[in-house]
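Dear colleague,

I am handing over a structure that you have not yet worked with. Please look at it first; a summary of what was found follows below.

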Amino acid sequence: MNNYAELRAEVVARFAGHDYDPRGPIVFAWHVHHDRLLEPLVEPIDNRLDWIFRIKRACEIETRLQWLRLVVGPLPKAVVAAGEEYAAAWEECGAAWEKLVAAGKKCVTWEKYDAAEEKYDAAEEKYDAAGEKYDAVVAAHRDEIEALHAVECPGCPWDGKRLVLPAEAEPE
Ligand SMILES: [Zn+2]
């Protein structure tokens with residue numbers, strides 16, 4: 001069994017002082033997900049690491065952690081702006097979800113509950129639209145982003161569409 005504690009600490013150190021902060025400046029990272037080149041962080045990096053350890057295949061973990069890195073930049077302004085919109089829409093969606101859950105727990109009237117549900121649906125729609133817009137802006141600035149990626153992430157197994165992960169564990 002591999003011990004990833006050191007690698008995990010290394011990832012956390014990469015984001016020290018630049019981790020997700022809903023009130024701070026937006027932070028972008030390379031390879032948060034294996035099929036997206038870069039994303040704004042919408043949660044602390046430690047949460048993403050927990051998720052990776054919980055559900056990803058063990059043979060992928062080292063590759064994922066090795067290349068999960070802070071984007072130093074600068075990124076094209078349009079990408080930063082679209083990322084900010086996307087992250088803000090995510091926050092709103094989360095807040096609307098919490099209100100909906102709270103309304104359910106308080107057992108409010110159907111009318112109030114429906115209103116909270118509508119607000120959540122609207123926030124989710126806005127989030128989906130912001131995600132699509134973000135992907136479109138990233139696609140429109142593909143060449144600049146790939147050039148920056150080549151400088152900041154030399155040697156990484158990104159094939160233009162995904163981080164190439166090991167197909168299976170190395171034999172013991
Ligand atoms: Zn890379």
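**Packing of two helices**

The crossing of helices α1 and α2 is right-handed. Please bear in mind throughout that the model is a predicted one. The two helices span residues 5-14 (α1) and residues 45-55 (α2), and their axes come within 10 Å and cross at roughly 150°. Because angles over 145 degrees count as roughly antiparallel, α1 is roughly antiparallel to α2.

Which residues make the contact between α1 and α2? On the α1 side they are R8, V11 and V12, and on the α2 side they are I45, D46 and L49. By class, four residues of this contact are nonpolar and two are charged, with no polar residue among them.

**Division into domains**

The protein is divided into two parts: domain 1 takes in 1-74 + 142-172, and domain 2 takes in 77-140. Taken over C-alpha atoms, the centres of domain 1 and domain 2 are separated by 25 Å. Seven residues from domain 1 and nine residues from domain 2 take part in the contact. On the side of domain 1 that touches domain 2, six residues are nonpolar, one is charged and none is polar.

**Backbone features in the loops**

Three places in the backbone deserve your attention when you go through the model.

The first to mention concerns P74, which lies in the loop between β3 (69-70) and α4 (77-105). The peptide bond that joins G73 and P74 is cis, with omega at about 10°.

The next concerns H31, a residue in the loop between β1 (28-30) and β2 (38-40). H31 is not a glycine, yet its phi is positive, at about 60°. Is H31 buried or exposed? H31 has 24 C-beta neighbours inside 10 Å and therefore counts as buried, the cut-off for a buried residue being 20 or more.

The last concerns C107, found in the loop between α4 and α5 (110-140). C107 too is a residue other than glycine with a positive phi, in this case near 55°. With 8 C-beta neighbours inside 10 Å, C107 counts as exposed, since a residue with 12 or fewer is placed in that class. Thus H31 counts as buried, whereas C107 counts as exposed.

I would be grateful if you could look at these places in the model yourself.

With kind regards

Definitions and conventions: Residues numbered from 1 in each chain as written. Predicted model: local features only at pLDDT ≥ 70, side-chain atom pairs only at ≥ 80, totals over all residues. Axes fitted to C-alpha atoms, helices over the stretch in contact; angles between N-to-C directions. Helix = DSSP H or I, 4+ residues; strand = E, 2+ residues; numbered from the N terminus. Parallel < 35°, antiparallel > 145°, perpendicular 65-115°, else oblique. Left-handed = near helix turned anticlockwise from the far one by under 90°. Contact = placed C-beta atoms within 7 Å. Nonpolar A, V, L, I, M, F, W, Y, C, P; charged D, E, K, R; others polar. Domains from an automatic or database assignment.
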